[in-house]
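Here is a friendly walk through one protein model and its ligand. Please have a look at the structure before reading on.

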Amino acid sequence: MVIAHDSAKELRDYLAYLVNTGFSEIFLPVAAHETKQDDVTDEPDAGVQLASIREKIGDCRRCQLCKGRTNLVFGEGSPTSRLMFIGEGPGADEDREGRPFVGRAGQLLTRMIKAMGLERSQVYIANVVKCRPPGNRDPEAVEIQTCLPFLQAQINAISPDVIVGLGRIAAGTLLGRRVSLTKMRGNFHYVNGIPIMPTYHPSFLLRKEPDRKWKAEAWEDLKKVMTLLGLSVDAHGDSK
Ligand code: URA
């Protein structure tokens with residue numbers, strides 16, 4: 001592989017940044033033609049990689065969000081899942097429990113996953129930032145950038161077939177640019193070969209109730225994800 005001079009400098013700066021934020025190794029994505037299950041390499045399996053990422057995060061003090069947190073919320077689910085959901089950041093319930101999407105929005109997300117014919121334990125759920133922004137404010141750019149290498153490492157370890165970005169912040173972070181969710185949702189956007197489906201955040205859907213237009217649109221997005229994964233779309237209902 002030939003790396004252009006500018007790209008090489010950017011890569012060097014990025015690696016230096018990773019080292020400064022506590023990384024001593026990076027996790028490269030498995031090439032698309034390699035199967036996950038039959039992988040006969042000496043690469044540690046996804047569960048081991050995730051445990052190692054969690055260990056590296058440690059009792060994180062890399063940004064100011066550490067000051068207000070009760071628990072760091074790493075993420076949970078199947079390390080070999082083909083489907084990842086990525087939200088914005090923990091809320092009060094998640095901060096208390098140390099698990100992602102366990103409050104009201106989480107209960108709706110769980111229903112959405114079930115409506116897809118899946119169990120929560122079959123997918124992987126994580127957030128852009130791993131500590132609760134005070135008062136549930138949007139995470140700041142510096143907080144997102146500080147936490148992002150860990151999310152990228154999680155994505156590389158799991159190597160999902162598709163990622164659902166929940167809400168503007170998650171979708172924008174995954175796509176590496178500001179997004180208008182209404183314009184971006186409904187279509188797959190490819191980043192490093194992984195299709196990303198931006199859709200509405202469950203909290204937004206709850207705020208919009210009882211207007212069902214938004215849930216219906218989110219369900220259309222999830223049906224596209226199901227089709228991509230080869231799941232039967234007809235057999236399942238919506239996420240009421
Ligand atoms: N909202 C999020 O974005 N993530 C959570 O984990 C919970 C609520």
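The notes below cover the ligand site and then the cysteines.

## The model

Please keep in mind that this is a predicted model.

## Around the ligand

Let us begin with the surroundings of the ligand. The residues around it are Gly-87, Glu-88, Gly-89, Glu-94, Pro-100, Phe-101, Asn-127 and His-201. Sorted by class, this shell has 4 polar, 2 nonpolar and 2 charged residues. As for location, the ligand takes up the space of the second largest pocket.

## Polar contacts and cover

Which atoms of Glu-88 and Gly-89 come into play? In Glu-88, a backbone N or O atom lies 2.8 Å from an oxygen atom of the ligand. Gly-89 also uses a backbone N or O atom, which lies 3.0 Å from a nitrogen atom of the ligand. With His-201 the side chain takes part: one of its N or O atoms is 2.8 Å from an oxygen atom of the ligand. On its own, the ligand has 230 Å² of accessible area, and the protein covers 93% of that.

## Cysteines without partners

How many disulfides does the model have? The count comes to 0. A disulfide is a covalent bond between the sulfur atoms of two cysteines, and the cut-off used here for such a pair is 2.5 Å.

Cys-66 is in no disulfide, and the nearest cysteine sulfur, that of Cys-63, is 6.5 Å away. Is Cys-66 buried or exposed? With a relative accessible area of 11%, Cys-66 is buried.

A similar look at Cys-131 is worthwhile. The closest cysteine sulfur to that of Cys-131 belongs to Cys-60, and because the two are 6.2 Å apart, they are too far for a bond. Cys-131 is buried, too, with a relative accessible area of 8%.

Technical notes. Residues are numbered from 1 along each chain as its sequence is written. This is a predicted model: local features need pLDDT of at least 70, side-chain atom pairs count only at pLDDT 80 or more; totals for chains, interfaces and linings use all residues. Side-chain values use heavy atoms; hydrogens and water are left out. A residue is near a molecule or strand if one of its heavy atoms lies within 4 Å of it. A polar contact is a pair of N or O atoms within 3.5 Å; within protein, one must be able to donate a hydrogen and the other to accept it, and residues adjacent in sequence count only if both atoms are side-chain atoms. Accessible areas come from the Shrake-Rupley method with a 1.4 Å probe; for residues, only the protein chains shown count as cover. On a 1 Å grid over the protein atoms alone, a cavity is a set of points where a 1.4 Å probe fits but cannot get out, and a pocket is an open set with protein on both sides within 12 Å along at least five of seven lines; lining residues have an atom within 4 Å of a point. A molecule sits in a cavity or pocket if more than half of its atoms lie within 2 Å of its grid points. Ala, Val, Leu, Ile, Met, Phe, Trp, Tyr, Cys and Pro count as nonpolar, Asp, Glu, Lys and Arg as charged, and the others, Gly among them, as polar. Buried means under 20% relative accessible area, exposed over 50%, partly exposed in between (1.4 Å probe, protein chains only).
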